[in-house]
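Work through the exercises below with the structure open beside you. Try each task before you read its solution.

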Amino acid sequence: MRAAIAGTGYYVPGPPITNDELIARYGLRIKPYFVRRSIGVETRHFAASDQATSDLATEAAARAIASSRLPAAAIRRVILATVSGDYPTPATSCVVQRNLGLKGSAAIDVVGACSGFLQALDLGARCVATGEGPALVIGADVRSRQLNFADLRTVFLYGDGAGAVVLTESAGDEGVHHSILTADGSGAEAIYIPAGGSREPLTTEGLAHHRGSITMPDGHRVAEAARAGFRHLADRLVAETRVPLGDIGFFCLHQPNLFLMQHILQDLGIPEEKSWINFPRYANTTSASVPIALAEAAAAGKLTPGSWLCLGAVGAGFAGAIQLVRWGAP
């Protein structure tokens, strides 16, 4: 039994916020053209003060369910990838389950950051393959609540959003054919939030020193790890599936930085027209990056039924994931 992607959906909150607006709002000493030249971002979306991760996830999930044409009551698993849950506990997927009225379904959170959605997709596909589907797989983050708006290394990089897919039992050859997950714990503190967990509880003093905000001490190290990670995953995918990258019709990859993504595509010999790039509009939406790109590409008719689709991500924790999917009929 194989898990097929039966529906996609995404949601980004509020109007876009330009670099100029962000600079003015927080009194930042930097020119907009430098931001565009260094990371390639133009706008991003931030959740409203009364919106939490579960709200974004619920909207994206509802759209994915509608796209799948399945009754919501059929969903047996809700798997949410996020690093910005509504609460430390319970799982934010429980809130999404309640919002959608999916009483009785399992609700599971995955904390994988940039590769979190693909980790969740791996889990969801295995659930469907063992008869525990359909599964609703979501990637959602409100990273704006975790930003230090005085840190020029990270303040322009992130945005908020959510994307989702519905997985059902495949009727034929379509679906997730191969999935590879990796991690390199030596990068655990390369991009992280120092306080708020059991190692360093968040205190008033910690808040004052932005210990509860995203910290990236060495961006160059992160970029090099991402390029090496994508190369390693792509090589493994080809070796294990015998499907050359040139035979893959489309690529939806995590988008940490426009120019880094372009370098990764060049490293792998993938023309830009075979991928979906939305970083300039949304910035890095972390767990939501891949499913938003997938939903947009599907809506734009970029995915051909019967063709190969590759999903990939590398990020925090130097964790990576790649999947080979046979795209089905809409």
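The exercises that follow deal with a predicted model.

**Exercise 1. The open sheet**

Task: Find the order of the four strands in the open sheet, and say which strands form its edges.

Solution:
- Step 1. Read the order across the sheet: β8-β11-β10-β9.
- Step 2. Look at the ends. β8 (175-182) and β9 (250-253) are the edge strands, and each pairs on one side only.
- Step 3. Check the angles. Neighbouring strands of this sheet are turned by 15° against each other on average, direction ignored.
- Step 4. Take the pairs in turn. β8 and β11 are antiparallel, with seven bridges. Here G175 stands opposite R326.
- Step 5. Move on to β10 and β11. They are antiparallel too, over eight bridges. G312 has I322 of β11 as its bridge partner.
- Step 6. Finish with β9 and β10 (residues 308-315). They run parallel and are joined by four bridges. F250 is placed opposite L309 of β10.
- Result. The pairing in this sheet is mixed.

**Exercise 2. The hairpin turn**

Task: Examine the hairpin of β10 and β11 and find the residues with positive phi in its turn.

Solution:
- Step 1. Count the residues between the strands: there are three.
- Step 2. Take G317. Its phi is positive, near 75°.
- Step 3. Go to F318, in the loop between β10 and β11 (319-326). Its phi is near 50°, again positive, and F318 is a residue other than glycine.
- Step 4. Test the surroundings of F318. Its relative accessible area is 12%. Buried means under 20%, so F318 is buried.
- Step 5. Follow the chain into β11. Seven of its eight residues are buried, so β11 is largely enclosed by the rest of the structure.

**Exercise 3. A helix across two strands**

Task: Locate helix α10 and decide whether it is largely enclosed or open.

Solution:
- Step 1. Find residues 289-299. This helix lies across β9 and β10.
- Step 2. Note the direction: α10 runs at about 145° to β9.
- Step 3. List buried residues. Among them are V290, I292, L294 and E296.
- Step 4. Conclude. Nine of the eleven residues of α10 are buried, so the helix is largely enclosed by the rest of the structure.
- Step 5. Look past the end of the helix. G301 follows α10 and has a positive phi, near 75°.

**Exercise 4. Partners of β7**

Task: Name the strands that pair with β7 in the antiparallel sense, and say how covered β7 is.

Solution:
- Step 1. Start with β1 (residues 3-11). It pairs with β7 over eight bridges, antiparallel. A4 is set opposite T168 of β7.
- Step 2. Go to β6. It also pairs with β7 in the antiparallel sense, over seven bridges. A135 has L167 as its partner in β7.
- Step 3. Check exposure. Eight of the nine residues of β7 are buried, and the strand is mostly covered.

**Exercise 5. A buried arginine**

Task: Work out which side chains make polar contacts with the side chain of R143.

Solution:
- Step 1. Place the residue. R143 is in the loop between β6 (135-141) and β7 (161-169).
- Step 2. Look for a charge partner. The nearest side chain of opposite charge is that of D141, 5.3 Å away. A salt bridge must fall within 4 Å. R143 is buried and has no salt bridge.
- Step 3. Look for polar contacts. The R143 side chain makes one with the side chain of Q146, at 2.6 Å. It makes another with the side chain of T286, at 3.1 Å.
- Step 4. Widen the search beyond four places in sequence. R143 is in contact with residues including V83, Y158, I193 and I214.

**Exercise 6. Backbone details in loops**

Task: Find the cis peptide bonds before P90 and P134, then inspect R69.

Solution:
- Step 1. Go from T89 to P90. The peptide bond is cis, with omega near 10°. P90 is in the loop between β4 (77-81) and α4 (92-100).
- Step 2. Go from G133 to P134. This bond is cis as well, with omega about 0°. P134 is in the loop between α5 (116-129) and β6.
- Step 3. Turn to R69, in the loop between α3 (53-68) and β4. Its phi is positive, near 65°.
- Step 4. Judge exposure. R69 has a relative accessible area of 68%, so it is exposed.

Methods:
Residues are numbered from 1 along each chain as its sequence is written. This is a predicted model: local features need pLDDT of at least 70, side-chain atom pairs count only at pLDDT 80 or more; totals for chains, interfaces and linings use all residues. Side-chain values use heavy atoms; hydrogens and water are left out. Helices (H or I, at least four residues) and strands (E, at least two) are DSSP runs, numbered from the N terminus. Buried means under 20% relative accessible area, exposed over 50%, partly exposed in between (1.4 Å probe, protein chains only). Lys and Arg count as positive and Asp and Glu as negative; His and the chain ends are not counted. A polar contact is a pair of N or O atoms within 3.5 Å; within protein, one must be able to donate a hydrogen and the other to accept it, and residues adjacent in sequence count only if both atoms are side-chain atoms. Contact means heavy atoms within 4.5 Å. Two strands pair if DSSP finds at least two bridges between them. Axes are lines fitted to C-alpha atoms, for helices over the stretch in contact, and angles run from 0 to 180 degrees between N-to-C directions.
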